[in-house]
Amino acid sequence: MPKLNFRLDEALHHALMRRARGANLPLSVFIRQVLEQAVDERKRYVFSSQDEILATTIQILSIVATSVGQQSPAALEQGMAQARAILAERGLLGGEDGR
């Protein structure tokens, strides 16, 4: 496997490290995935550049799920199953069992 060696300015390095930590990936894996996406037009960028929007969305969905779960546990379970299926379809679930 070929190796690349290049220099980054401090600001770019810091930003990449922050994004890799946010994606829970080592820096080398994060950069490799970003480069793979850059050369494959069919791949979607999976690491949100809108971290604040993502955090807010997760909070809102958590509140909605809690409310639905209190009113109808069956509806919550059906919705979660559908969400897992959609996420799995897009390769956005970690692990083999999708959890």
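In this predicted model, helix H2 covers residues 27–39, a run of 13 residues. At 1.5 Å a residue, such a helix should span 18 Å, and the end C-alpha atoms of H2 lie 19 Å apart, so the expected and the computed span agree. Which residues of H2 are buried? They are Phe-30, Ile-31 and Gln-37. Seen down the axis of H2, these buried residues fall within an arc of 125°, so they line one face of the helix. A general feature of helices helps in reading such a pattern: an α-helix has 3.6 residues a turn, so residues three or four places apart point the same way. Helix H1, residues 10–22, is included in what covers the buried residues of H2.

Ser-28 also belongs to helix H2. Is Ser-28 buried, partly exposed or exposed? Its relative accessibility is 45%, and because partly exposed residues lie between the limits of 20% and 50%, Ser-28 counts as partly exposed. Ser-28 can also be placed relative to Met-17: the two are eleven residues apart in sequence, and their C-alpha atoms are 9.7 Å apart in space.

Helix H2 appears again in the second largest pocket, where it gives the most to the lining, with five residues. This pocket has a volume of about 430 Å³. Empty space of this kind can be pictured simply: rolling a probe the size of a water molecule over the atoms shows where empty space is left. The residues that line the second largest pocket include Met-1, Pro-2, Lys-3, Leu-4, Phe-6 and Leu-8. His-13 is also part of the lining, as are Leu-27, Ser-28, Ile-31, Arg-32 and Leu-35. Ser-28 and Ile-31 thus link the two views of H2: Ser-28 is partly exposed, Ile-31 is buried, and both line the pocket. By class, the lining has eight nonpolar, two polar and two charged residues.

The loop between H1 and H2 contains Asn-24. What is notable about the backbone of Asn-24? Its phi is near 60°, a positive value in a residue other than glycine. Asn-24 has a relative accessible area of 70%, so it is exposed, the limit for exposed being over 50%. A positive phi is also found at Gly-91, just after helix H4, with a value of about 70°.

Helix H4 itself runs over residues 73–89 and has 17 residues. From its first C-alpha to its last, H4 reaches 24 Å, close to the 24 Å expected at 1.5 Å a residue. Helix H3 covers residues 51–71, and Ala-65 is found in it. With a relative accessible area of 24%, Ala-65 is partly exposed. Ala-65 and Glu-77 are twelve residues apart along the chain, and their C-alpha atoms are separated by 9.7 Å.

Taken as a whole, the protein has four helices and zero strands, and it follows the pattern α-α-α-α when read along the sequence. How much of the protein is buried? Of its 99 residues, 9% count as buried. Among contacts between residues at least 6 apart in sequence, 21% join residues at least 24 apart.

Methods
Residues are numbered from 1 along each chain as its sequence is written. This is a predicted model: local features need pLDDT of at least 70, side-chain atom pairs count only at pLDDT 80 or more; totals for chains, interfaces and linings use all residues. Side-chain values use heavy atoms; hydrogens and water are left out. The expected span of a helix is 1.5 Å times one less than its number of residues. Buried means under 20% relative accessible area, exposed over 50%, partly exposed in between (1.4 Å probe, protein chains only). The arc is that of the directions from the helix axis to the C-beta atoms. Contact means heavy atoms within 4.5 Å. On a 1 Å grid over the protein atoms alone, a cavity is a set of points where a 1.4 Å probe fits but cannot get out, and a pocket is an open set with protein on both sides within 12 Å along at least five of seven lines; lining residues have an atom within 4 Å of a point. Grid points are joined across faces, edges and corners, and a volume is the space filled by probe spheres set on the points. Ala, Val, Leu, Ile, Met, Phe, Trp, Tyr, Cys and Pro count as nonpolar, Asp, Glu, Lys and Arg as charged, and the others, Gly among them, as polar.
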